Amino acid sequence: MHILEYENKKLEEFNNYLKGRKVAVIGLGVSNIPLISYLHDLKSEVTVFDNKEIDQIDNGLINQIINYGMNFSFGKDYLKKLEGFDIIFRSPSCLPIVPELVKEAERGAIITTEVEMVLELTPSKVIGVTGSDGKTTTTTLISKVLEAGGHKVFLGGNIGFPLFTKISEMTPEDFVVLELSSFQLMNMKISPTISVITNITPNHLNIHSSMEEYVEAKQNIFLHQEPEDLVILNYDNEITRECGKIAKSRVVYFSSKEKLENGYIVDNDKIKYCQNGLRSHILDTKNIILRGKHNAENICAVLAATKEFVNQETAIKTISEFRGVEHRIELVKETENRVKWYNDSASSSPTRTIVGLNSFSRRNIILIAGGYDKNLDYAPLAKPVLDNCKELILIGQTADKIKNAVEKEMQKDTTSKKLGIHKCDSLLETIELAKTLTNKGDVVLFSPASASFDMFKNFADRGNQFKELVNKIV
């Protein structure tokens, strides 16, 4: 079928369904703003909800909603008027367990998200990536490998652009590549054709009611797959390894610890493909720009996800030239005395900071950490900090939790080195202090192990402020 001849009947039917329907849009985030115009064009009866007060919302957006003649409900009790809707598009931050949503679902309303409807309505092959760590790098690199192989790719979910309004441009020959969070996956009743879980470790426990709820949300990425579909799992992570036992689809594992009979492995700095015990060399990690064993594992997932669509030479070339994603062990500056300053602001949990610490071979790191408290356990971070760091600089709500965990570890092991621990009141202060503590060849790593919302808009804002200050002060 020629691309220009393709007609998306499912999208056409859904558009017809939306005409004149009562539709709620919860959250004025990036993904829902284009959706509002789309629904207006279809003449849906739209009400917009957001927990921000009206004076906190962009004036242009407010004017747009008013000009469209849409109803709206903002502020503290914004969901009080959530009643009698045919379909509700929730933002990822508004979980489906919210009582008002549960009540509407029980009444018969369809509760969905922008990204779930992309999965339902796209004719394209969908590759979805989730995980506690590494999903942005893996998702981005999958899209770049596919593009290098000559495919048209729509990148979305947590990154890229909102894709719902792009569905009409998609064809069966194209690919949709999605980064999916646990919040997006909660209650999802459809899974991508190819799914990747990089790992599952405790995260977002300030929002999810339990670790079990968090894991169950992640598992939706593969639970609704067909037998011919594919799920790619981290064999070294106990939770994702067990996921393979309940998958209905084909399973491919990757590992940096085990010599798998089948799958992808990292073996002595080499990435290999294993088939029935036979191992073929693909790539030497010394020849790639990305740092760390965790990125070698991410590359294994990328190779597995793209194997059937892109030749190996093209994939290797693309992977080798990939410089990484902003705010993830990103080199900001190297001084004349070879001190390297790295921005790892995306590391918002202890496990991600541990990965960052282990990406450097020398134990000469000055770590800047701390931020918003997501109710995570910082005890696992203590030993990696002691093993890899010469100084620890703390900031934000979690400063005392991290400090206590590290001091407890120091008391346990009296033979371990004593670590200088410092607390600061601002990001500027941490950088100024770090500058005075560096010696030739040291690494300054900004890897907070915490969320950003106590002092910054998000991790990108936090990382950008760090880079700006480093370039100004250092």
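Author: Two residues are in contact when heavy atoms of theirs lie within 4.5 Å of each other. The model discussed here is predicted.

Reader: Which elements are included in what covers the buried residues of α16?

Author: The buried residues of helix α16 are D461, R462, G463, F466, K467, L469 and V470. Among the elements that cover these residues are the helix α15 (427–437) and four strands, namely β15, β16 (340–343), β17 (365–369) and β20 (443–446).

Reader: How far apart are the end C-alpha atoms of helix α16?

Author: Helix α16 covers residues 459–473, which makes 15 residues. The expected span is 1.5 Å times one less than the number of residues, so α16 should span 21 Å. The distance between its end C-alpha atoms agrees with this expectation, being 21 Å.

Reader: At the start of α16, which residue has a side-chain oxygen that reaches to the backbone nitrogen of A460?

Author: The backbone nitrogen of A460 is approached by a side-chain oxygen to within 3.1 Å. The residue that supplies this oxygen at the start of α16 is N458.

Reader: Which residue caps the N-terminal end of α11?

Author: Helix α11 comprises residues 312–321, and its buried residues are A315, I316, T318, I319 and S320. Their cover includes α6 (135–148), β14 (278–284) and α10. At the N-terminal end, the backbone nitrogen of E313 lies 3.2 Å from a side-chain oxygen of the capping residue, N311.

Reader: Which elements give two or more residues to the lining of the second largest pocket?

Author: This pocket holds about 1,000 Å³ of space. It is lined by 38 residues, of which K293, H294, N295, V355 and S359 are the closest to its centre. The elements that contribute two or more residues to the lining are α10 (293–306), β15 (330–334) and α12 (350–357).

Reader: How many residues of the lining of the second largest pocket are polar?

Author: The lining of this pocket divides into three classes. Nine residues are nonpolar and twelve are charged, while the number of polar residues is 17.

Reader: Is D269 buried, partly exposed or exposed?

Author: D269 is found in the loop between β12 (263–267) and β13 (270–275). Its phi is positive, about 65 degrees, although D269 is not a glycine. Most residues other than glycine have a negative phi. Because its relative accessible area of 40% falls between the limits of 20% and 50%, D269 is partly exposed.

Reader: Does N276 count as buried or exposed?

Author: N276 lies in the loop between β13 and β14. Its phi is near 50 degrees, a positive value in a residue other than glycine. The relative accessibility of N276 is 63%, and since the class begins over 50%, N276 counts as exposed.

Reader: Which residue has a side chain joined to that of K259 by a polar contact?

Author: K259 is placed in the loop between β11 (250–255) and β12, and its C-alpha is 8.5 Å from that of C274, 15 residues away in sequence. Leaving aside neighbours within four places in sequence, K259 is in contact with I265, D267 and R279. The polar contact between side chains has a length of 3.5 Å, and the partner of K259 in it is D267.

Reader: What distance separates the C-alpha atoms of F154 and K166?

Author: F154 belongs to strand β7 (residues 153–157) and counts as buried because its relative accessibility is 7%, under the limit of 20%. Beyond its neighbours within four places in sequence, F154 is in contact with residues including L163, K166, E169 and M170. Although F154 and K166 are twelve residues apart along the chain, their C-alpha atoms are separated by 8.5 Å.

Notes. Residues are numbered from 1 along each chain as its sequence is written. This is a predicted model: local features need pLDDT of at least 70, side-chain atom pairs count only at pLDDT 80 or more; totals for chains, interfaces and linings use all residues. Side-chain values use heavy atoms; hydrogens and water are left out. On a 1 Å grid over the protein atoms alone, a cavity is a set of points where a 1.4 Å probe fits but cannot get out, and a pocket is an open set with protein on both sides within 12 Å along at least five of seven lines; lining residues have an atom within 4 Å of a point. Grid points are joined across faces, edges and corners, and a volume is the space filled by probe spheres set on the points. Ala, Val, Leu, Ile, Met, Phe, Trp, Tyr, Cys and Pro count as nonpolar, Asp, Glu, Lys and Arg as charged, and the others, Gly among them, as polar. Buried means under 20% relative accessible area, exposed over 50%, partly exposed in between (1.4 Å probe, protein chains only). A polar contact is a pair of N or O atoms within 3.5 Å; within protein, one must be able to donate a hydrogen and the other to accept it, and residues adjacent in sequence count only if both atoms are side-chain atoms.
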